[in-house]
Amino acid sequence: MAHGRNKYQSRENRARVREILLRDWDPIGVYGIPQASDEYDTYANRAYVMLMDEDATASEIADYLYIVATEHMGLTDHGRLAESTEQVAQLLVQLRPEFGTH
């Protein structure tokens, strides 16, 4: 168990992070496309590690997701990307206490 979390609960928590990235962040618009449901898995796993193992702030998580979108995916920010990235990072940080109790 990493930091007191069991594997089963960690998988469930990661799945919730994955769903949040798909539903609320989704910079390339793949939400609802079954074949693309795993598109953000790598980023969700990294965000989860940042959240739970590195105690990252919302700002640090937002910075990571913004870099993924703009540098790795090559997207241009027209204002909405930064805003949605910050909102998603805040949402993830709000889940930390719940995730930490399992």
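**Figure 1. Four helices and zero strands make up this chain.** The model is a predicted one. Reading along the sequence, you meet the pattern α-α-α-α. The C-alpha trace spans about 40 × 30 × 20 Å along its principal axes. For 102 residues, a compact globule would have a radius of gyration near 13 Å, and the chain has 13 Å, so the two agree. Buried residues account for 38% of the 102 residues. Now for the contacts between residues with a separation of 6 or more: 62% of them join residues 24 or more positions apart.

**Figure 2. Here helix H1 packs with helix H2.** Two packed helices are described by the angle between their axes and the distance between those axes. H1 covers residues 7-25, and its axis lies 9 Å from that of H2, at an angle of about 120 degrees. That angle makes H1 oblique to H2. As for handedness, H1 passes H2 in a right-handed crossing. On the H1 side, look for Ser10, Asn13, Arg14, Val17, Arg18, Leu21 and Trp25. H2 brings Asp41, Tyr43, Ala44, Asn45, Ala47, Tyr48 and Val49 to the contact. Sorted by class, this contact of H1 with H2 has eight nonpolar, three polar and three charged residues.

**Figure 3. In this view, helix H2 crosses helix H4.** H2 runs over residues 41-52 and H4 over residues 80-100. Their axes come within 10 Å and cross at roughly 70 degrees. The two helices are therefore roughly perpendicular to each other. The crossing in which H2 passes H4 is right-handed. H2 takes part through Ala47, Tyr48, Met50, Leu51 and Met52. Facing them from H4 are Leu92, Val93, Arg96, Phe99 and Gly100. By class, the contact of H2 with H4 has eight nonpolar residues, plus one polar and one charged. If Ala47 and Tyr48 ring a bell, that's fair: both belong to the contact of H1 with H2 and to the contact of H2 with H4.

**Figure 4. Ser84 sits in helix H4.** Is Ser84 buried or exposed? Its relative accessible area is 6%, so Ser84 counts as buried. Which residues does Ser84 touch, leaving aside those up to four places away in sequence? They are Asp24 and Trp25. Trp25 may look familiar, since this residue is one of those that H1 brings to its contact with H2.

**Figure 5. Asp26 is found in the loop between H1 and H2.** Take a look at the backbone here: phi of Asp26 is near 35 degrees, a positive value in a residue other than glycine. With a relative accessible area of 15%, Asp26 is buried. The cut-off behind that word is simple, because buried means under 20% relative accessible area.

**Figure 6. Asp55 has its place in the loop between H2 and helix H3.** Helix H3 takes in residues 58-72. What is the phi value of Asp55? Phi is near 55 degrees, again positive in a residue other than glycine. Asp55 is exposed, with a relative accessible area of 56%, whereas Asp26 is buried at 15%. So here are two Asp residues with positive phi, Asp26 and Asp55, one buried and the other exposed.

Definitions and conventions:
Residues numbered from 1 in each chain as written. Predicted model: local features only at pLDDT ≥ 70, side-chain atom pairs only at ≥ 80, totals over all residues. Heavy atoms only, no water. Axes fitted to C-alpha atoms, helices over the stretch in contact; angles between N-to-C directions. Parallel < 35°, antiparallel > 145°, perpendicular 65-115°, else oblique. Left-handed = near helix turned anticlockwise from the far one by under 90°. Contact = heavy atoms within 4.5 Å. Nonpolar A, V, L, I, M, F, W, Y, C, P; charged D, E, K, R; others polar. Rg over C-alpha atoms; globule rule 2.2 N^0.38 Å. Buried < 20%, exposed > 50% of the residue type's maximum accessible area, 1.4 Å probe, protein only.
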